[in-house]
Amino acid sequence: MKIISLHKKSQLQRKKAIQGDREAQKQIFNAYSHKMLGVCRQYVKDTYHAEDLMLQGFLKVFKNLSSFKDEGSFEGWIRRIMVNTCINYVKKKQYLEFTDEDYHFNGMITHNIENTSVEDIQKLIDTLPDGYKMVFNLYAIEGFKHSEIAKKLSISESTSKSQLFKARKWLQANYIKMNRIKDADR
């Protein structure tokens, strides 16, 4: 019963926001902005740019709010807008370099990844070259298939697959380096 009343409240809030009710828009923004900033931050290193992209994304959300048909998650719909806003930004402002470089690492991962902080993981992801990072985020975090990534980024599926493979190798190698440095500091 409680879920149904929450859903109706959310629908009413969206309806008011569509009609230009600033308070309803503010409530939607406050409810989702923290998570959506995290989404944008996955695609750009600079927090200020991520915040700007989030705000641009919310402008698109409110502009297109009437097109949300209550089919699926409202948060998921907002997230998709944020991801597409970030992809468009990266494609326009930066040259996405898809590289053929190969990164090797020797050794086993001896540290428990569960003991690694979210900040350290984000720092590792930030070290990825832009092409690797974009494909990694779209595949591993957003759940896109390689065919969808290829279409969004105007690359081949095999390029998407190889960039993901290389991103994983890059992350493993840099994870090992990060932990060796931490061990040496202890």
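Begin with the cysteines: this predicted model holds zero disulfides. Select Cys-40 and display its side chain. The closest cysteine sulfur to that of Cys-40 belongs to Cys-86, at 3.7 Å, which is too far for a bond. The cut-off applied to a disulfide is a pair of cysteine sulfur atoms within 2.5 Å. Add Cys-86 to the selection; Cys-86 is in no disulfide, and its nearest cysteine sulfur is that of Cys-40. Now colour by accessibility. Cys-40 counts as buried, at 0% relative accessibility, and Cys-86 is likewise buried, with a relative accessible area of 0%.

Next, show the aromatic side chains. The structure holds seven aromatic pairs. Select Tyr-32 and Phe-74, one of these pairs, whose arrangement is edge-to-face, with 5.5 Å from centre to centre and 80° between the planes. Switch to a cartoon view while keeping both rings visible. Tyr-32 belongs to helix 2 (residues 22–43) and Phe-74 to helix 4 (residues 74–93), so this pair ties together parts that are 42 residues apart in sequence. Are these two rings buried or exposed? Tyr-32 is buried, its relative accessible area being 16%, and Phe-74 is buried as well, at 7% relative accessibility.

Keep Phe-74 in view and add Arg-14. Arg-14 lies over the face of Phe-74, 4.7 Å from the ring centre.

Move on to Phe-68 and Trp-77, both of which are buried. Which geometry does this aromatic pair adopt? The pair formed by Phe-68 and Trp-77 is tilted, with the centres 5.4 Å apart and an angle of 50° between the planes. Then select Tyr-32, Phe-68, Phe-74 and Trp-77 together: these residues form one aromatic cluster.

Finally, clear the selection and view the whole protein chain as a cartoon. How many helices and strands does the protein chain contain? There are eight helices and zero strands, and from the N terminus the elements follow the order α-α-α-α-α-α-α-α. Helix 2 and helix 4, visited earlier through Tyr-32 and Phe-74, can be located again by residues 22–43 and 74–93.

With a surface displayed, the protein chain exposes about 11,800 Å², of which carbon and sulfur atoms supply 52%. Of its 186 residues, 39% count as buried, with Cys-40 and Cys-86 among the buried residues. A contact map completes the tour: among contacts in the protein chain between residues at least 6 apart in sequence, 72% join residues at least 24 apart.

Key: Residues numbered from 1 in each chain as written. Predicted model: local features only at pLDDT ≥ 70, side-chain atom pairs only at ≥ 80, totals over all residues. Heavy atoms only, no water. Phe/Tyr/Trp six-rings, centres within 6.5 Å; stacked < 30°, edge-to-face > 60°. Helix = DSSP H or I, 4+ residues; strand = E, 2+ residues; numbered from the N terminus. Buried < 20%, exposed > 50% of the residue type's maximum accessible area, 1.4 Å probe, protein only. Lys NZ or Arg CZ within 6 Å of the ring centre and 35° of its normal. Contact = heavy atoms within 4.5 Å. Areas by Shrake-Rupley, 256 points an atom, 1.4 Å probe, with all protein chains shown as cover.
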